[in-house]
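Visitor: Please take a close look at one side chain in this model and its surroundings. I would then like to see how that part fits into the rest of the fold.

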Amino acid sequence: MNNFDGKKILITGTAGFIGSYLAKRVCLENSGAKVIGFDSINDYYDVKLKEHRLSWFENIPNFEFVKGNLADKKIINQIFEKYHPDIVVNLAAQAGVRYSIENPDAYIEANLIGFYNILEACRHYPVEHLVYASSSSVYGGNKKVPFSTDDKVDNPVSLYAATKKSNELLAHAYSKLYNIPSTGLRFFTVYGPAGRPDMAYFGFTNKLINGEKIQIYNFGNCRRDFTYVDDIVEGIIRVMAKAPEKKDGEDGLPLPPYKVYNIGNSNPENLLDFVKILQEELVRAEVLPQDYDFESHKELVPMQPGDVPVTYADTTDLYNDFGFKPTTSLRTGLRNFAEWYKQFYGEIK
Ligand SMILES: NC(=O)c1ccc[n+]([C@@H]2O[C@H](COP(=O)([O-])OP(=O)(O)OC[C@H]3O[C@@H](n4cnc5c(N)ncnc54)[C@H](O)[C@@H]3O)[C@@H](O)[C@H]2O)c1
């Protein structure tokens, strides 16, 4: 449906969870497109998983990988000078809310300096569209649900959230000043096979296998809009193909071709229900035995700094502009994750 043939597409974060899925799909569905993947392959989590994702590209001829740090302006400029990308999708970032308490430097480097370098490169080597990852965390402790892009998001509760909100502000300024079409996407808790080990579904699975206790925050009174990775990728691809229009305002100056959308399941699940489905699927996939004593491996604990009790996406704008909203159920998504986990760690661990 979206034909990117003839386009050069830079996707950063391609050794990462979402970036690897996106790059693979774009390459396979658009043999006439060229995808340049970029990632530092940092060791925030198991590098083997990143190498595994990169192995998907071994026989894909229209993919080229460059290893480097977003904060290294020289290498970013070299890439833009060499390839002149038509579309840029910036997914590389230091992710995770809790780690921003431990290692704030990584967030400033990747999410602020790195994103600034991308913006500057888009300024000097004009692109058709810059798409970048924001996050549901920008909604902070927003009480009003569902979260709408019209809500005020000036109260981040983690450094991670503050950097993502800053990305939106920086993108707005660059869109206005240099007429760069940009779209920010606020993703809501993305999960799936070959996902991120620092996220609950993956971390819980690792702990349960090792016989450790899992900690369920806010005594289980959390609701999360879990979004399956294929839905996120579908949303990104539709957005990539349609840049915000360039228009002039009444003063004759360009209006910023700037948009922000939520991509979330719009169907928040209670954390305890989520854990129950995960348990059932781990048993079904034979990751854990039928008689596993889940009750003695669960601990209900208070809320952690930086966490929020609920995330819930209003996806009306995404649906109105792109005719799409995520639909994968938690049951299907966690089943795919459990089956992948069994196969991957069955063979590799
Ligand atoms: N997964 C989610 O639930 C979620 C939710 C909201 C927003 N996001 C955002 O979506 C994007 C992709 O997330 P993901 O889940 O795939 O995370 P990920 O950690 O799996 O992928 C990010 C990749 O970026 C790379 N990276 C980090 N710093 C870098 C730097 N300075 N230079 C070059 N590469 C660097 C990492 O090596 C990693 O492979 C991120 O921007 C993240 O903040 C993710």
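Guide: The side chain of Ser135 makes a polar contact with the side chain of Ser137, at 2.8 Å. A polar contact is a pair of N or O atoms within 3.5 Å; within protein, one must be able to donate a hydrogen and the other to accept it, and residues adjacent in sequence count only if both atoms are side-chain atoms. This is a predicted model, in which local features need pLDDT of at least 70 and side-chain atom pairs count only at pLDDT 80 or more, while totals for chains, interfaces and linings use all residues. Residues are numbered from 1 along each chain as its sequence is written, and side-chain values use heavy atoms, with hydrogens and water left out.

Ser135 has a relative accessible area of 6% and is buried (under 20%, with exposed over 50% and partly exposed in between; 1.4 Å probe, protein chains only). Not counting residues up to four places away in sequence, Ser135 touches Tyr160, Lys164, Leu185, Arg186 and Phe187, where contact means heavy atoms within 4.5 Å.

Ser135 is located in strand E5; strands (E, at least two residues) and helices (H or I, at least four) are DSSP runs, numbered from the N terminus. Strand E5 (residues 129-135) runs parallel to strand E4 (residues 87-90), and 4 bridges join them. One of the bridge partners is Leu130 in E5, matched with Val88. Two strands count as paired if DSSP finds at least two bridges between them.

In the wider fold, E5 belongs to an open sheet of 7 strands with parallel pairing, in the order E3-E2-E1-E4-E5-E6-E13. Strands E3 (63-67) and E13 (258-263) stand at the edges with a single partner strand each, so one side of each lacks a neighbour in the sheet. From one strand to the next, the twist averages 20°. Helix H1 (residues 17-29) packs on this sheet, touching E1, E2, E3, E4 and E6, and its direction makes about 165° with that of E1. Axes are lines fitted to C-alpha atoms, for helices over the stretch in contact, and angles run from 0 to 180 degrees between N-to-C directions.

Tyr160, a contact of Ser135, is also among the closest of the 30 residues that surround the ligand, as are Asp39, Tyr45, Asn69 and Val190 (a heavy atom within 4 Å). A ligand oxygen atom is 2.5 Å from an N or O atom in the side chain of Tyr45. A ligand nitrogen atom is 2.7 Å from an N or O atom in the side chain of Asn69.
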